[in-house]
Amino acid sequence: MLLCVTASHKTAGFDLLERLSVHTTDIAPLIAEHDECVRGAVVLATCNRFEAYVDMDEPVTAAGAVGVEAALLAVEAATGVTAAEFDGSYSVVAGADVAEHLFAVASGLESVVVGEGEIAGQVRRALGDARKLGTSSGELERLFQRASEAQRGVKNSTALGRAGRSLVRLSLDLADSRVTDWAALRVLLVGTGAYAAATLAALRDRGADDITVYSPSGRAQKFATKHGLVWTDDAAYPRTAAASDLIITCTTADHHVLDAGVLRQGRSELGLDLPRIGEAAASGCPMGGSAYGGGRSLVIDLGLPRNVDPDVATVSDVDLLDLETIRLHAPLEELQATDAAREIVRAAARRFTQAGERQSLAPAVVALRQHVFGVLDDEISRVRTRDDDGRTEQALRHLVGRLLHTPTARAHDLAAQGRADEYVAALGALFGIEVPAQEAERAAAQADSATA
């Protein structure tokens, strides 16, 4: 049984999502270790969502409740967010609905900006992390692999990917109305990871050229050399920040990398102890702001947890744009593309469920054939004692093969209809055949491995 405990920008505030992302203890192992009926766990954590996917041993009584409890206790142990605090900010998806939910998430249908592309890589990395931690399972492997396939289907078959914009591009769109000249804009990029590279590409697409990079972890020079940028060190960071028209932060630091104190220190070092940046620009001081908002400067915080202390908004002539504000300005969904994408997701989820049902019936079909062929072998042994020339054995085997054809075909049909339990019950009622749960699990795992 699969279940998902999910909290996203649709159900939880960014303060809570930020707390869920700040932890040094891996959550998936805590979930997996909660109870022996937990077969695996994968945790997907992004700036807009926190999700725990759990594979439970379904025959266990109240398996769903145990799985949710495992996730909530693991979250509390790793992040300090108690079940009481979490209550009302998460929902639980279970059974066949889990596949459709994850496939929609992976395709960008549940993102702040519908169709954004970053989430697909985050889904793949979540599975990779679970593999490294040893918390994945056959069913979770199959689920996440099929999620990536569904995402590619949506990308290749709809305009959703082209319509969707990344958070950084949306934030630059929001700033665009106040930028008079991107080429003249003095930009400070704080961060050197993959998201910083995407941010740099978006800035250059708009014509920004005067870009300086700073890294709290000391990797600025290497990043600058690779991308042809100017870099700044810790000592010059406050001055560079104060002299910039646009500051974009996108680091994985668990503390603020920019606050009001840094900006005020930089202004002081530049000799800009003036009440307004605009006045500094008018006086000819090296504090610009001329390319954005007539003397103002803009700080865009793309980090989660927050990279920027909200107190920067108290500094005169500084605007702050954070993830929560960006979410409020997310564009309306491209309805036609979204509808087509959701149909692709639903179809992929149906195939996933049907494949799982077929796998669950595989041991039942095997048990039936073993039973019938066991009876056949006994009968063949009996006729052989009568000096049979082999024709009777041949006829019996042909007869049994024909008799088994329909029950085997019906197994596939009933599995596709979600009626696998009826088939198993019928075998027990008619032939006394019992299919052990461990056999079903082993057959499903073998099928998963063969598929992968």
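**Getting to know Ser8, Arg152 and the whole chain**

Visitor: Which residues does Ser8 touch, not counting residues up to four places away in sequence?
Guide: This is a predicted model, where local features need pLDDT of at least 70, side-chain atom pairs count only at pLDDT 80 or more, and totals for chains, interfaces and linings use all residues. Residues are numbered from 1 along each chain as its sequence is written, and side-chain values use heavy atoms, leaving out hydrogens and water. With contact meaning heavy atoms within 4.5 Å, the partners of Ser8 are Leu17, Asn48 and Arg49.

Visitor: Is Ser8 buried or exposed?
Guide: Ser8 belongs to strand E1, residues 2-8 (strands are DSSP runs of E, at least two residues; helices are runs of H or I, at least four; both are numbered from the N terminus). Buried means under 20% relative accessible area, exposed over 50%, and partly exposed in between (1.4 Å probe, protein chains only). Ser8 has 6% relative accessibility, so Ser8 is buried.

Visitor: What about Arg152: which class does that residue fall into?
Guide: Look for Arg152 in helix H7. Its relative accessible area is 43%, and therefore Arg152 is partly exposed.

Visitor: What share of the protein's residues is buried?
Guide: Let's step back to the whole protein, which has 19 helices and 10 strands. Of its 452 residues, the buried share is 47%.

Visitor: What percentage of the contacts with a separation of 6 or more join residues 24 or more positions apart?
Guide: Begin with the contacts in the protein whose separation is 6 or more. Among these, the part from residues 24 or more positions apart is 72%.
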